[in-house]
Amino acid sequence: AEELYRQALAYQPARQDYFTRAFHLKRNSTALLPSPVEYAGILVNFGSLLHDGRGDTRAARAVYGLGLMFDPNSTVLLNNMANILAELKEFAHSEALYRRALLHPDEQVTTCHNYGVLLAEMKQLDKAAEMLNKALQINPFHIPTCLAYGRMLLETKMDIDGAERMYKRALKRNPGHVHALIGFAQVAFVRGDLSLAEELYSRATDFHERSIAAIIHKGLYLELARKQVKLADEMYGRAQELDAAKAREMYDRLLPRHALLLRLAEKYKAKRKSEGQKARSRRHIYFPSPLLKRILACFGFAQQS
């Protein structure tokens with residue numbers, strides 16, 4: 001696939017003028033190449049292959065930039081470029097592209113989701129919630145938005161009920177979705193339902209045997225939450241057999257998230273304990289009604305206050 005794209009685009013990234021509109025217009029002197037919009041579509045696909053398939057962020061960024069020269073209003077290109085810029089922590093430039101994408105009617109749910117995730121990463125949580133809710137108004141069962149909003153509600157608001165609703169909604173659309181299962185498992189853990197958490201983690205790793213993310217998530221849960229180090233090591237070994245470098249990178253990336261979940265679980269437990277103590281300490285003062293006093297008096301009972 002990559003070779004075919006290279007041929008179609010005469011891909012020569014080392015050329016100083018390759019990533020210019022003039023170079024490609026010169027190639028089209030016979031008008032045999034696709035229209036500008038169609039050409040931009042080819043660049044979208046090639047950029048996705050470079051980024052998602054090859055992990056070459058720099059090359060994908062250059063290809064998406066070239067695509068925007070041919071179709072500056074493509075919401076797919078704007079979103080893909082903005083995603084890369086967010087990944088590179090160029091938040092201001094990324095936000096500007098999402099705002100441009102919002103001006104066009106197509107792909108609105110994707111743009112709202114992506115922009116909401118960016119705002120959450122920028123710690124603008126109220127604006128992030130507004131944008132994610134806008135995406136859900138367009139498509140209430142948009143799985144990426146359900147997952148992003150569920151995580152935000154859990155980790156920043158400790159809104160366990162709201163987070164659970166989001167993950168359940170995603171699972172209603174796709175009962176085997178790996179990240180929905182993991183997210184619901186983390187909600188169950190914070191709530192203190194360890195048996196449900198373990199069941200959901202097991203479903204994630206059973207349904208997705210080659211998902212390194214699912215395996216590492218379960219390993220961290222076993223190691224940190226359950227203190228079952230031997231079982232956790234078995235999960236890590238399983239992930240390393242699939243891809244040792246990716247397993248290590250995934251462990252380092254997910255460890256802070258699980259450390260946060262431990263703190264949330266302790267905080268929730270303390271909150272429930274405090275609420276229980278307050279409920280037990282309340283004094284209930286009984287004030288008999290005048291009607292009850294008269295009824296008791298008729299039967300010769302004197303009511304004590």
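About 40 Å³ of space lies in the largest cavity of this protein, and the model we're looking at is a predicted one. Under the rule used here, the count of cavities of 30 Å³ or more comes to one. So what surrounds that enclosed space?

**The cavity**

Eight names make up the wall: Phe 189, Leu 220, Tyr 221, Leu 224, Ala 225, His 258, Leu 261 and Leu 262. Which helix gives the most to this lining? Helix H13 does, with four residues. Both H13 and H14 supply at least two residues each. By class, the cavity lining has seven nonpolar residues, one polar residue and no charged ones.

**Two pockets**

Now for the open spaces. The largest pocket has a volume of about 1900 Å³, and the second largest has about 220 Å³.

The largest pocket is lined by 41 residues. Which of them lie nearest its centre? They are Val 117, Glu 121, Arg 151, Arg 253 and Arg 257. Plenty of helices take part here: H3 (36-53), H5 (75-87), H7 (108-121), H8, H9, H11 (178-191), H13 (212-225) and H14 (229-281) each give two or more residues to the lining. The largest share, eight residues, comes from H14. Sort the lining by class and you get 18 nonpolar, twelve polar and eleven charged residues.

The second largest pocket has a shorter guest list, given here in full: Phe 189, Val 190, Arg 191, Gly 192, Leu 194, Leu 224, Ala 225, Leu 262, Ala 265, Glu 266, Tyr 268 and Lys 269. H11, H13 and H14 each supply at least two of these lining residues, and H14 gives the most, with five. Eight residues of this lining are nonpolar, one is polar and three are charged.

If some of those names ring a bell, here's the reason to look again at the cavity: Phe 189, Leu 224, Ala 225 and Leu 262 are on the list for the second largest pocket and on the list for the cavity too.

**How helices pack against each other**

Two packed helices are described by the angle between their axes and the distance between the axes. Here are three pairs from this model.

| Helix pair | Angle between axes | Axis distance |
|---|---|---|
| H7 and H8 | roughly 160 degrees | within 8 Å |
| H8 and H9 | roughly 150 degrees | within 10 Å |
| H11 and H12 | about 165 degrees | 8 Å |

Let's start with H7 and H8. Their axes cross at roughly 160 degrees, and that makes H7 roughly antiparallel to H8. The crossing is left-handed. On the H7 side, the contact uses Gln 108, Val 109, Cys 112, His 113, Tyr 115, Gly 116, Val 117, Leu 119 and Ala 120, while H8 brings residues including Leu 125, Ala 128, Met 131 and Ile 138. In total, this contact has twelve nonpolar, three polar and two charged residues. Val 117, part of this contact, is also one of the residues nearest the centre of the largest pocket.

H8 (residues 125-138) has another partner, H9 (residues 143-157), and their axes cross at roughly 150 degrees. That makes H8 roughly antiparallel to H9. H8 passes H9 in a left-handed crossing. Among the H8 residues in this contact are Leu 125, Ala 128, Leu 132 and Ala 135, and H9 answers with Thr 145, Cys 146, Ala 148, Tyr 149, Met 152, Thr 156 and Lys 157. The class split is ten nonpolar, three polar and two charged. Leu 125, Ala 128, Leu 132 and Ala 135 touch H9, and these residues are in the contact with H7 as well.

Finally, H11 packs with H12 (residues 194-207) at an angle of about 165 degrees. That makes H11 roughly antiparallel to H12. H11 passes H12 in a left-handed crossing. Val 178, Leu 181, Ile 182, Phe 184, Ala 185, Gln 186, Ala 188 and Phe 189 are the H11 residues that meet H12, whose side includes Leu 194, Leu 200, Tyr 201 and Phe 207. How many residues of this contact are charged? Just one is, along with one polar and 14 nonpolar residues.

Phe 189 is worth finding in your viewer. This residue meets H12, lines the second largest pocket and lines the cavity where we began.

Methods. Residues numbered from 1 in each chain as written. Predicted model: local features only at pLDDT ≥ 70, side-chain atom pairs only at ≥ 80, totals over all residues. Heavy atoms only, no water. Axes fitted to C-alpha atoms, helices over the stretch in contact; angles between N-to-C directions. Parallel < 35°, antiparallel > 145°, perpendicular 65-115°, else oblique. Left-handed = near helix turned anticlockwise from the far one by under 90°. Contact = heavy atoms within 4.5 Å. Nonpolar A, V, L, I, M, F, W, Y, C, P; charged D, E, K, R; others polar. 1 Å grid on protein atoms, 1.4 Å probe; cavity = no way out; pocket = protein on both sides within 12 Å on 5 of 7 lines; lining within 4 Å. Points joined across faces, edges and corners; volume = space filled by probe spheres on them.
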